[in-house]
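Colleague: Please take me through this model piece by piece. I'd like to look at the chain before we start.

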Amino acid sequence: PVKTERRPTSVAMKRWIPDVPPIPLWAKYLNYEGNVDRWQICEIEAPSHAISHVGFAPLGQLGPDDDLDRGIALKALVSATPETATTAHMFYAQVRNFAVDDEDMTRHFVVDGRAIFLEDIAVMEAQHRMRLARPDAPTIDIHADAPHLAMRERTKLAQGAEIRTTLRSDTQTLCEQTAAKYLKRFDNDIT
């Protein structure tokens, strides 16, 4: 099951997946056979940063509340910055806690990691095209999507707050400019 925690400017998701095969990519690199306990932890911070911590441990060696860095783990940072109103630049970095001195493993990880990331981008671009084409289309609210839906909600709230702040600031500036203009006229009329 997915556990979602809503915070003021972020959403955290934790998923513990006991007694399953390791993901094929890791099984390939580590020659691991047999089931493991896997985890996925992700924190999405407004406006556009995501930190993921994924990994596994031999079956029964770690629990969800243990120090997961004792397992085989990968951490990734995905950050986006707007380019236009509908496009963004994505930045990705990852670190692992195993075979860190193995240059061959690093090369393979870079190539395979890039391929996986490009698959993710293709999915995100397709979703984005659909949201642009049908912005009011209903979404299917499944439990696994809770973190994403919560972050969309946080983003909408932040956008609304930003718009209100901008409007307040613009209104205040306009009022100050108008007051200054009339005070200047008033001063001119008196002198």
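**Helix, cores and sheet**

Colleague: Which residues are buried in H2?

Modeller: Helices here are DSSP runs of H or I with at least four residues, strands are runs of E with at least two, and numbering goes from the N terminus. Buried means under 20% relative accessible area, exposed means over 50%, and partly exposed is in between, with a 1.4 Å probe and protein chains only. In H2, the buried residues are Met105, Phe109, Asp112, Gly113 and Phe117.

Colleague: What sort of model is this, and how are the values filtered?

Modeller: Residues are numbered from 1 along each chain as its sequence is written, and side-chain values use heavy atoms, with hydrogens and water left out. Local features need pLDDT of at least 70, side-chain atom pairs count only at pLDDT 80 or more, and totals for chains, interfaces and linings use all residues, since this is a predicted model.

Colleague: In what order do the elements run from the N terminus on?

Modeller: The protein comes to three helices and six strands. Starting at the N terminus, the order is β-β-α-β-β-β-β-α-α.

Colleague: How much of the protein counts as buried?

Modeller: Let's begin with the outside: about 13,600 Å² is exposed, and carbon and sulfur atoms supply 58% of it. These areas come from the Shrake-Rupley method with a 1.4 Å probe, and for residues only the protein chains shown count as cover. Of the 191 residues, the share that counts as buried is 24%.

Colleague: Which elements do the buried residues of H2 pack against?

Modeller: Take the geometry first: H2 lies across E5 and E6, at about 145° to E6. Axes are lines fitted to C-alpha atoms, for helices over the stretch in contact, and angles run from 0 to 180 degrees between N-to-C directions. Contact means heavy atoms within 4.5 Å. The buried residues of H2 pack against H1, E5 and E6.

Colleague: What span is expected for H2?

Modeller: The expected span is 1.5 Å times one less than the number of residues. H2 has 31 residues and reaches 44 Å from first C-alpha to last, close to the expected 45 Å.

Colleague: Asp112 caught my eye. Is aspartate 112 buried or exposed?

Modeller: Aspartate 112 sits in helix H2. Leaving aside neighbours within four places in sequence, aspartate 112 is in contact with Leu25, Lys28 and Tyr29. Because its relative accessibility is 19%, aspartate 112 counts as buried.

Colleague: Which element gives the most to the largest nonpolar core?

Modeller: A nonpolar core is a set of buried Ala, Val, Leu, Ile, Met, Phe, Trp, Tyr and Cys residues joined through side-chain atoms within 4.5 Å. The largest has nine residues: Leu25, Trp26, Tyr29, Val36, Phe56, Leu74, Phe98, Met105 and Phe109. Helix H1 (24–30) and helix H2 (103–133) each supply at least two of them. With three residues, the most comes from H1.

Colleague: What does leucine 74 touch, and which residue stands opposite it?

Modeller: Not counting residues up to four places away in sequence, leucine 74 touches Trp26, Ser52, His53, Val54, Gln94, Val95, Arg96 and Phe109. Opposite leucine 74, which lies in E5, stands valine 54.

Colleague: Which are the edge strands of the sheet?

Modeller: Two strands pair if DSSP finds at least two bridges between them. Six strands form an open antiparallel sheet in the order E1-E2-E3-E4-E5-E6. Pairing on one side only, the edge strands are strand E1 (2–6) and strand E6 (88–96).

Colleague: How many bridges join E3 and E4?

Modeller: A hairpin through three residues joins E3 to E4, and arginine 38 stands opposite phenylalanine 56 in E4. Strand E4 (residues 49–58) is in turn joined to strand E5 (residues 72–82) by eight bridges, antiparallel. For E3 and E4, also antiparallel, the count is 10 bridges.

Colleague: Where does asparagine 31, with its positive phi, lie?

Modeller: Most residues other than glycine have a negative phi. Asparagine 31 has a positive one, near 50°. At 68% relative accessibility, asparagine 31 counts as exposed. Its place is the loop between H1 and strand E3 (36–45).

Colleague: And is aspartate 19 buried or partly exposed?

Modeller: Aspartate 19 is found in strand E2 (residues 10–20). Its phi is positive, about 55°, although it is not a glycine. With a relative accessibility of 45%, aspartate 19 counts as partly exposed.
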